Amino acid sequence: MSPKTLYDKIWDAHLAHEAEDGTCLLYIDRHLVHEVTSPQAFEGLRMTGRKVRAPEKTIAVPDHNVPTTLDRANAATMTEDSRIQVEALDKNAKDFGIHYYPVSDVRQGIVHIVGPEQGWTLPGMTVVCGDSHTATHGAFGALAHGIGTSEVEHVLATQTLIQRKGKNMKVEITGSLRPGVTAKDITLSVIGATGTAGGTGYVIEYFGQAIRELSMEGRMTVCNMAIEGGARAGLIAPDEKTYAYCMGRPHAPKGAQWEAARAWWETLYSDADAHWDKVVTIRAEDIAPVVTWGTSPEDVLPITGSVPSPQDFTGGKVEAAQRSLDYMGLSAGQKLTDIQIDTVFIGSCTTGRIEDLRAAAAILKGKKIKDGMRAMVVPGSGLVRAQAEEEGLAQIFIDAGFEWRLAGCSMCLAMNPDQLSPGERCAATSNRNFEGRQGRGGRTHLLSPAMAAAAAITGHLTDVREMM
Amino acid sequence: MDKFTKITGIAAPMPLVNIDTDMIIPKQFLKTIKRSGLGVNLFDEMRYNSDGSERADFVLNQPAYRESQIIVAGDNFGCGSSREHAPWALLDFGIRAVISTSFADIFYNNCFKNGILPIVLPKEAVEVLMDDARKGANARMTIDLESQTVTSSDGQVFAFEVDGFKKHCLLNGLDDIGLTMEKAASIDSFEKRLSAERPWV
């Protein structure tokens with residue numbers, strides 16, 4: 001038998017049909033659904049009289065639109081169009097009989113945090129969602145990627161996707177991370193090295209000591225942003241940490257089924273002599289805490305650096321860099337640590353889990369945020385929020401001057417009321433710094449939770465290592 | 001879905017690289033439960049001032065390009081969010097094809113589900129077509145899906161690759177859910193095997 005990558009193995013285990021021309025039907029084990037990209041898909045089912053083929057494998061949760069303020073049970077906190085979308089999901093979940101975590105449920109949260117937390121995401125599965133950050137679930141050695149609404153409808157109706165196999169890309173992070181450097185810095189540094197199209201057409205598998213040393217939560221942060229590197233999905237082979245995370249979760253297998261599952265999971269790794277179409281190697285020792293300066297996630301630099309000049313680039317990136325600098329209100333040569341910040345946002349499916357909150361709280365403990373700073377923490381789920389309260393983290397944030405919010409996507413994409421005003425500058429732990437992403441005219445610098453906490457205290461982008 | 005066979009139309013040049021789906025359709029317009037009506041908000045924040053007036057410097061606001069059916073774009077068009085609202089907005093505006101050196105995967109797939117043809121060509125070809133697009137409304141290019149060619153206004157022909165199945169669906173305006181449902185027996189037998197081999201799924 002020819003050697004296979006992990007991606008090859010998961011692909012082969014889910015092939016429901018292969019046409020002569022190589023077009024494949026890939027069986028989908030878990031379909032996650034949220035309110036923004038699903039209404040048209042359910043409408044399509046109604047119009048054609050189709051049912052959801054596997055409602056027991058379909059899990060829905062509203063997250064993008066939901067307010068994160070404590071008064072959100074009051075319908076007036078949502079705009080009418082947001083409310084219509086959330087109500088549409090309520091109704092679709094009920095009508096089609098799929099699993100559902102409504103806004104009022106303590107388990108509600110960002111779909112990519114809820115899936116793993118509830119044990120829906122398991123190694124070797126295929127997981128899709130009408131959301132590009134579905135890549136997150138790859139941390140479990142699950143083949144997970146975002147799809148469009150037409151594909152959501154296709155999966156609802158057939159539990160399969162029409163796919164062609166992607167190529168295999170190996171990203172290895174050798175050695176161990178230095179203090180103050182986190183999973184977020186790994187994933188941003190990889191994108192900085194490969195560019196936002198570097199992974200297009202590939203599924204990335206992450207390797208190396210630094211990846212093995214990450215917790216499951218850190219691995220989710222790494223895989224979450226595989227899409228920002230253009231890759232369809234990111235994967236990390238399961239190991240003891242993966243099994244320990246999954247064990248005992250509400251929807252994880254139990255007893256004999258657990259043993260059978262685990263036996264299969266242990267076969268899920270890339271064979272030593274598997275073929276890679278592309279290989280990228282980065283030394284963990286070379287990764288510093290990073291921030292983005294521009295409006296593409298590839299615009300990454302170590303915090304010790306300075307804003308580049310458009311002339312540092314070639315081709316179409318010259319114009320794009322100039323446009324970024326104009327939009328961001330920055331000039332070439334400016335030190336990154338001199339950039340003043342108005343707002344700090346800690347949350348999102350990239351870094352809205354308990355360890356992210358612990359990392360930020362460790363920096364904030366006993367300190368106050370800068371006068372006039374607007375800072376908010378939006379836990380990734382109601383359960384993360386509850387745990388943070390139990391651990392005393394919430395109080396640290398509140399004492400420091402942060403707003404302590406309810407769970408949702410919030411200011412990562414600003415579909416709810418949490419938005420930047422034009423010209424406002426935000427240090428954000430989320431995943432995208434695109435123009436207008438956090439609000440029209442808003443300026444976003446992506447960084448890790450600890451770096452965000454440091455910026456909240458000093459009022460400017462800050463090397464967190466100086467505060468440790 | 002509308003068929004795509006052959007179009008001859010105006011192409012708008014958008015040489016900026018990494019045009020993301022947040023630019024194509026900002027999130028405030030994702031709060032719809034319909035597929036239609038998004039064309040007026042296509043490229044909203046690049047196209048309009050904050051008071052709602054048009055920005056004269058934006059290509060689709062210029063008289064020559066208001067009726068564009070094609071966009072010639074910089075590298076990595078459609079990156080970012082999976083929102084299918086991006087192709088819905090393009091289609092609603094009247095765009096039927098986008099030409100670039102590369103597209104983000106999810107956007108690329110979404111186009112085919114909506115009767116839009118994304119065309120990947122080498123850098124040199126895209127540069128020629130970008131220059132052709134800059135000539136304005138009198139320079140119409142022709143895209144023929146059957147023969148898989150783009151012909152510039154001065155008759156230069158560029159051949160492109162497209163997946164056979166996607167081409168078939170686009171040429172005939174086919175609903176691929178219907179096609180997949182014809183393979184229900186394969187899905188049934190896969191599910192039987194799955195529940196025996198991996199019952200925890």
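Start your tour in chain A by selecting helix α15 together with β13 (290-292), β15 (343-346), α12 (354-364) and β18 (425-428), which are among the elements covering the buried residues of α15(A). What you have open is a predicted model, where local features need pLDDT of at least 70, side-chain atom pairs count only at pLDDT 80 or more, and totals for chains, interfaces and linings use all residues. Residues are numbered from 1 along each chain as its sequence is written, chains are lettered from A and ligands numbered from 1 in the order in which they are written, and side-chain values use heavy atoms, with hydrogens and water left out.

**Two helices in chain A**

Stay on α15(A), residues 449-458: 9 of its 10 residues are buried (buried means under 20% relative accessible area, with a 1.4 Å probe and protein chains only). Click through P449(A), A450(A), M451(A), A452(A), A453(A), A454(A), A455(A), A456(A) and I457(A) to see the buried ones. Then step to G459(A), which follows the helix and has a positive phi near 85°. Helices here are DSSP runs of H or I with at least four residues, strands are runs of E with at least two, and both are numbered from the N terminus.

Next, select α5(A), residues 149-158. How many of its 10 residues are buried? The count is 10 of 10. Among them are T149(A), E151(A), H154(A) and L156(A). Right after this helix comes Q159(A), with a positive phi of about 60°.

**Over to chain B**

Hide chain A and look at chain B, which has 8 helices and 7 strands. Its C-alpha atoms fill a box of roughly 60 × 40 × 25 Å along the principal axes. Of its 201 residues, 61% are buried. Look at contacts (heavy atoms within 4.5 Å) between residues at least 6 apart in sequence: 65% of them join residues at least 24 apart.

**Across the sheet**

Now colour the strands of chain B. In which order do they sit in the open sheet? Reading across, the 7 strands go β4-β3-β2-β1-β5-β6-β7, with mixed pairing. At the edges you'll find β4 (117-120) and β7 (157-159) of chain B; each has a single partner strand, so one side of each has no neighbour in the sheet. From one strand to the next, the twist averages 25° (axes are lines fitted to C-alpha atoms, and angles run from 0 to 180 degrees between N-to-C directions).

Zoom in on β1(B), residues 6-14, and β5(B), residues 140-144: they run antiparallel and are joined by 5 bridges. Strands count as paired if DSSP finds at least two bridges between them. Pick K6(B) and you'll see D144(B) of β5(B) opposite. Then pick I10(B), whose bridge partner in β5(B) is R140(B).

Keep β5(B) selected: 4 of its 5 residues are buried. Add β6(B), residues 149-151, which runs antiparallel to β5(B) and is joined to it by 3 bridges. Here I143(B) stands opposite V150(B). What kind of connection do β5(B) and β6(B) form? They make a hairpin with 4 residues between the strands, and Q148(B) in the turn has a positive phi of about 55°. That's a good place to end the tour.

Methods. Buried means under 20% relative accessible area, exposed over 50%, partly exposed in between (1.4 Å probe, protein chains only).
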